[in-house]
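Colleague: Please take me through the surroundings of the ligand in this model. Then follow the side-chain contacts outward from there.

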Amino acid sequence: MNSKWSLLIFAPLVLTANFLCAIEDYWNWNFMKSVSCQTFFDTAIHLPKNFIFGTATSAYQMEGNKTVHSTFIENSWTLEKFRPQAGIGNDHLNRFKKDIEFLQQLGIQMYRFSVDWSKIEPEEGKFDDQMMMHYVAIAQECIKRGITPMVCLFHFVLPPWFMHKGGFEQVENMRYFVRFAQFVFEHMVKENVHWWMTYNEPIVYAFEGFFRGNLPPSKKNKLIVAGNVLKNMYNTHVEIAKFIKSRDAQAQLGICHLMQPLHPFHEYNLLEWAICKYFGRLTNDVTLEFFATGNFNWNYLVRGFNPDAPASIDYMGINYYSHTIIKQNSLFEYPPLIIHDQGRRPQETMIGKTAMYPEGLYWAIEKAAQVGKPIFITENGVDDPVGDLRDEFIKKHLYAVSKAVNNGFDVRGYFYWSFVDSFNWNGGFDEKFGLCAVDYENKTFACTVRKGSLPFVNFMRKRVGLQAIASV
Ligand code: BGC
């Protein structure tokens, strides 16, 4: 057989074999069935003493667009009136002291919250000191209660004036975000705040805001623009990191990156495989590669290099929820799923629209390790309105973390999203991610621990030397 023929025959076989090897892993969880909840935490989860348990929230989700002046202010999300609106959220603006006291009761050691740029700098160059002091007060309250604050500078909402200038699409606008970061830093560093996260999920912002249209500015199919936005955000992160690190030797700075494995529904559908490979690289790998090497390569559509990127993070934050199954529903469907419905595997437990896939968290840790920095799971959680699967979800995901740690991966902490229910973007108030339920009905916004969260809460309490409780 001449070499051309052998290439024609063997290349597809090799390619297919390569693709098939990559199909997702499923662990055998039968051992969990015979073990009681308490025993599970005591015997199956092995984490070092200094491993941190935290929780995360975001400003708009928790306090809506209300300001300390009792006015409501527009931001990039509220401008899009067709989307659900947070109003006053959980009234965290007024209730933050009670909420932080509650965190202490849950045994939480670190609180990741965001500051809202649209409230702090409502007009270009005009900073609202009182609003800034509100966020300073949140950090102070955490410290007072022995909880380490982690400040996130961006969690999906932006000031309208910044959007009008073209937002993160324009490289010349990056200086505005750097200036805002500097302003926040100067106030927080005086209070002994050292933990920073520049952005929450830049990949989600770029992809949903410019390719799928699920986040403002709601543009669609602008793949190259999305790549440029991401590159601008990351280069700005590097600038901010240089600034913060030059002024605070104790600063710990990172970003958080949503990791989501993509898997083809039909093992033999090469189109599904190709989509998984192509978009999986964009959504998962581009970011890791940038922080590991400084090389930005948006599948050759947008490229760049920033030699200072690897030194700009002290930790790699990973947000993990589930995997996405790419499914071509009919022969003529184009493009298969990435914009349509999520497929699912028959053997998977579904919680609402989400498949429980803890194996993916291990995968995410393994991949993120290539950055060579300590890893924090900066978000993991589940929208479980009925509340009977949260316990299983947490146990399985913690097991994945514990397994990774015991296999030598440098994971330092786990943040549950979130300690309470809160407004959730396009899902509004219907989604229930909270360890605790919130009294929205009577507008007291008081929190009560859900029954299914108690074993985890008691596990966290025990780690900080508190006794087990029957309810909070
Ligand atoms: C976002 C949160 C959101 C959570 C649950 C995360 O990707 O950072 O803002 O509430 O997902 O949907």
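Modeller: Here is the ligand site, followed by the salt bridges and the aromatic rings.

A word on the ground rules. This is a predicted model, so local features need pLDDT of at least 70, side-chain atom pairs count only at pLDDT 80 or more, and totals for chains, interfaces and linings use all residues. Residues are numbered from 1 along each chain as its sequence is written, and side-chain values use heavy atoms, with hydrogens and water left out.

Start with the ligand. Its surroundings are Q61, H155, N200, E201, Y321, E379, W417, N424, W425 and F433. A residue is near a molecule if one of its heavy atoms lies within 4 Å of it. Some of these side chains reach ligand oxygen atoms. Q61 has a polar side-chain atom 2.8 Å from a ligand oxygen. For W425, a polar side-chain atom lies 2.9 Å from an oxygen atom of the ligand. For E379, the corresponding distance to an oxygen atom of the ligand is 3.0 Å. Taken alone, the ligand exposes 310 Å², and the protein buries 87% of that. Such accessible areas come from the Shrake-Rupley method with a 1.4 Å probe; for residues, only the protein chains shown count as cover.

Now look at N200. This residue is one of those around the ligand. N200 is in strand β4 (residues 195-200). Helices (H or I, at least four residues) and strands (E, at least two) are DSSP runs, numbered from the N terminus. N200 has 0% relative accessibility, so it counts as buried. Buried means under 20% relative accessible area, exposed means over 50%, and partly exposed is in between (1.4 Å probe, protein chains only). The N200 side chain makes a polar contact with the side chain of R112, at 2.8 Å. Another polar contact joins the side chains of N200 and N319, at 3.4 Å. A polar contact is a pair of N or O atoms within 3.5 Å; within protein, one must be able to donate a hydrogen and the other to accept it, and residues adjacent in sequence count only if both atoms are side-chain atoms.

R112 leads back to E379. Their side chains meet in a salt bridge, 3.1 Å from N to O. A salt bridge is a side-chain nitrogen of Lys or Arg within 4 Å of a carboxyl oxygen of Asp or Glu. R112 lies in strand β2 (residues 110-114) and E379 in strand β13 (residues 375-380), so the pair ties together parts that are 267 residues apart in sequence. R112 and E379 are both buried.

The count of salt bridges comes to 22. Take D391 and K395 as one example. Their closest N and O atoms are 3.4 Å apart. Both sit in helix α14 (residues 390-406), four residues apart, about one turn of the helix. D391 is buried, with a relative accessible area of 17%. K395 is at 9%, so it counts as buried. K395 also lies over the face of F40, at 5.6 Å from the ring centre. A charge sits over a ring if NZ of Lys or CZ of Arg is within 6 Å of the ring centre and within 35 degrees of the ring normal. The charged end of K403 sits over the ring of W27, 4.0 Å from its centre.

D410 and R412 form another salt bridge, at 2.7 Å from N to O. D410 is partly exposed at 34% relative accessible area, and R412 is partly exposed at 40%. Elsewhere, salt bridges link E141, K144 and R145 in a network.

Finally, the rings. Rings of Phe, Tyr and Trp (its six-membered ring) pair if their centres lie within 6.5 Å; planes under 30 degrees apart count as stacked, over 60 as edge-to-face and the rest as tilted. By this rule there are 62 aromatic pairs. Y26 and Y357 form an edge-to-face pair, 5.4 Å centre to centre, with 65° between the planes. Y26 lies in the loop between α1 (3-21) and α2 (30-33), and Y357 in the loop between β12 (354-355) and α13 (359-368), so the pair ties together parts that are 331 residues apart in sequence. Y26 is partly exposed at 30% relative accessibility, whereas Y357 is buried at 3%.
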